[in-house]
Amino acid sequence: MLAISIRSGWLRYAHADVSDGTLVVNSLKATKLSKDFHRPDLRSPDLLVLLGIIFQDMIESLPVQNKEVFISLDERWIDCQIFPVDKGLTRDEQESYLRWFLERRLGPLWPTSSVFFQKLKSNGSDRDWIMTCIIPENALEALNIVLKRAGTVPVWLEPCTLSLARTVSGDEAGVVFIKDGRSVRALFFFGGTIHAFGQPIIRNGIVSMGTITGDQGLVSTVISMINDIKPRSTKSPTVSIKFMGQLPGKWKGFISSKKSYLQQMNPLDSFTLTKNAKLNVNDPSDFGEVAGLLHRRIM
Amino acid sequence: MADLNLFGSEGFQEPVVSEKAPPPLKQEEESAVAIPETKPKKKAKKKPRKQKRKKKYSGHEIFSFLFSAAIIGLVIWFFVLRKEVIFNVSEYLPDAFELHRNANKG
């Protein structure tokens with residue numbers, strides 16, 4: 001299989017062999033995409049050519065067999081949000097409401113967009129939470145065409161948030177801070193399911209959220225618990241706090257002041273890597289989405 | 001866990017129910033999974049390990065030797081040169097110098 005991730009201007013991929021539920025990663029690679037590919041026009045007919053350029057060399061360099069492709073794309077490609085809906089509505093009513101709401105939100109882009117929904121496992125709040133993903137029809141079609149032309153089988157496509165969530169989720173409620181270049185992403189979990197995510201900010205050692213989607217009540221509870229932790233306190237926090245990768249800037253101080261409560265994660269820990277794959281990994285945390293796709297394959 | 005596949009059908013998707021993932025492999029278990037053993041391996045005879053040859057001289061020692069040799073060489077060369085200088089200089093006494101100058105003029 002081939003697990004491909006495009007996030008923040010980087011193309012990262014893994015080639016793996018799967019047999020009897022066991023997965024061995026043969027190669028792991030990361031390439032910086034040129035600036036033309038950072039914010040592609042997803043509704044342009046030229047997208048097919050652009051995707052061909054991105055994927056061609058990578059696919060040709062891999063063995064002919066096992067060309068099932070799993071892809072994870074960032075928010076430049078897939079708009080992913082978590083919306084609340086009334087619990088009393090039936091599923092059809094919830095879908096009608098969301099379509100009506102999104103039509104107003106997207107305006108003229110609505111007719112050329114493909115929309116996907118999934119209800120999240122309840123976290124005890126008085127509303128249902130629906131994960132919503134939107135991708136331009138043109139981009140979806142172009143991806144399918146390019147992958148099929150290259151002789152591969154497109155199996156799975158998801159937003160990078162879901163790939164990361166699969167990699168870092170645990171059973172407990174909590175938050176995972178993830179390095180994303182010079183910024184940080186935060187994923188909030190309840191009962192093993194993602195319920196909110198966004199970009200956190202840190203000022204004078206106090207964490208707050210810049211952008212956020214999902215259950216804001218859960219987010220503010222978790223954030224206030226984090227900020228209440230005193231550096232020398234012996235109390236263990238009631239939520240789990242984890243991080244992945246070397247967080248940049250002022251986050252370093254946060255990590256060092258509260259390191260006794262924080263747990264570092266390595267997304268590649270649970271996989272067997274060949275020597276060749278190990279050689280190409282400078283920072284395993286960069287392969288969070290790739291790891292999420294590999295987990296998806298053996299589920 | 002939310003599991004949306006955008007290669008799948010549009011609209012509402014149910015979470016994909018799948019076989020339980022195998023427990024994560026620990027580093028210690030890796031080799032056993034990757035290469036299943038078919039025959040019991042013979043115990044390899046213990047061969048006395050060849051000791052790595054130690055270098056006779058370290059770089060520092062070689063450098064010091066060369067440096068001191070160079071200094072000695074220079075001292076010898078200096079004295080030899082000095083000797084040559086001494087041997088080659090011919091002094092002219094005032095009379096002899098007068099004679100020598102006249103001879104050169106002629």
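In the predicted model, A:Ile223 is a residue of helix α5 of chain A. With 20 C-beta neighbours inside 10 Å, A:Ile223 counts as buried, because a residue with 20 or more such neighbours is placed in that class. Not counting residues up to four places away in sequence, the contacts of A:Ile223 are with A:Val207, A:Ser208 and A:Met209. For one of these partners, A:Ser208, the separation from A:Ile223 is 15 residues in sequence, while the C-alpha atoms of the two residues are 6.8 Å apart in space.

The helix that holds A:Ile223 spans residues 216–228 of chain A and has 13 residues. From the first C-alpha of α5(A) to the last, the helix reaches 18 Å, which is close to the 18 Å expected at 1.5 Å a residue. Besides A:Ile223, the buried residues of α5(A) include A:Leu218, A:Val219, A:Val222 and A:Ile226. The buried residues cover an arc of only 120° around the axis, and therefore they lie on the same side of α5(A). This arrangement can be read against the geometry of helices in general. An α-helix has 3.6 residues a turn, so residues three or four places apart point the same way. On the face of α5(A) turned away from the buried side, the exposed residues A:Ser224, A:Asn227 and A:Asp228 are found. The buried residues of α5(A) are covered by elements of chain A that include the strands β9 (174–180), β10 (183–190), β11 (193–203), β12 (206–214) and β13 (240–244).

Elsewhere in chain A, strand β4 (residues 68–73) is largely enclosed by the rest of the structure, because five of its six residues are buried. Strand β4(A) pairs in the parallel sense with strand β1 (residues 2–7) of chain A over five bridges, and in this pairing A:Ile71 of β4(A) is the bridge partner of A:Ile4. Strand β4(A) also runs parallel to strand β8 (residues 153–159) of chain A, to which it is joined by six bridges, with A:Val69 standing opposite A:Pro154 of β8(A).

A further sheet brings the two chains together. Its four strands form an open sheet of mixed pairing, in the order β5(A)-β7(A)-β6(A)-β1(B). The edge strands, each of which pairs on one side only, are β5 (79–86) of chain A and β1 of chain B. Helix α2 (residues 91–106) of chain A packs on this sheet, where it touches β5, β6 and β7 (127–136) of chain A as well as β1 of chain B, and its direction makes about 50° with that of β7(A). Strand β6 (residues 113–119) of chain A pairs with β1(B) in the parallel sense over two bridges. In this pairing, A:Phe116 has B:Gly11 as its bridge partner, and A:Phe117 stands opposite B:Phe12.

The contact between the chains takes 33 residues from chain A and 19 residues from chain B. On the side of chain B that touches chain A, the elements that give two or more residues are β1 (11–12) and α1 (30–34) of chain B. Of these, α1(B) provides the largest share, which amounts to three residues. By residue character, the side of chain B that touches chain A divides into 13 nonpolar, four polar and two charged residues.

Notes. Residues are numbered from 1 along each chain as its sequence is written. Chains are lettered from A and ligands numbered from 1 in the order in which they are written. This is a predicted model: local features need pLDDT of at least 70, side-chain atom pairs count only at pLDDT 80 or more; totals for chains, interfaces and linings use all residues. The expected span of a helix is 1.5 Å times one less than its number of residues. A residue is buried if 20 or more other C-beta atoms lie within 10 Å of its own, exposed if 12 or fewer, and partly exposed in between; C-beta atoms are placed from the backbone. The arc is that of the directions from the helix axis to the C-beta atoms. Two residues are in contact if their C-beta atoms, placed from the backbone, lie within 7 Å. Ala, Val, Leu, Ile, Met, Phe, Trp, Tyr, Cys and Pro count as nonpolar, Asp, Glu, Lys and Arg as charged, and the others, Gly among them, as polar. Two strands pair if DSSP finds at least two bridges between them. Axes are lines fitted to C-alpha atoms, for helices over the stretch in contact, and angles run from 0 to 180 degrees between N-to-C directions.
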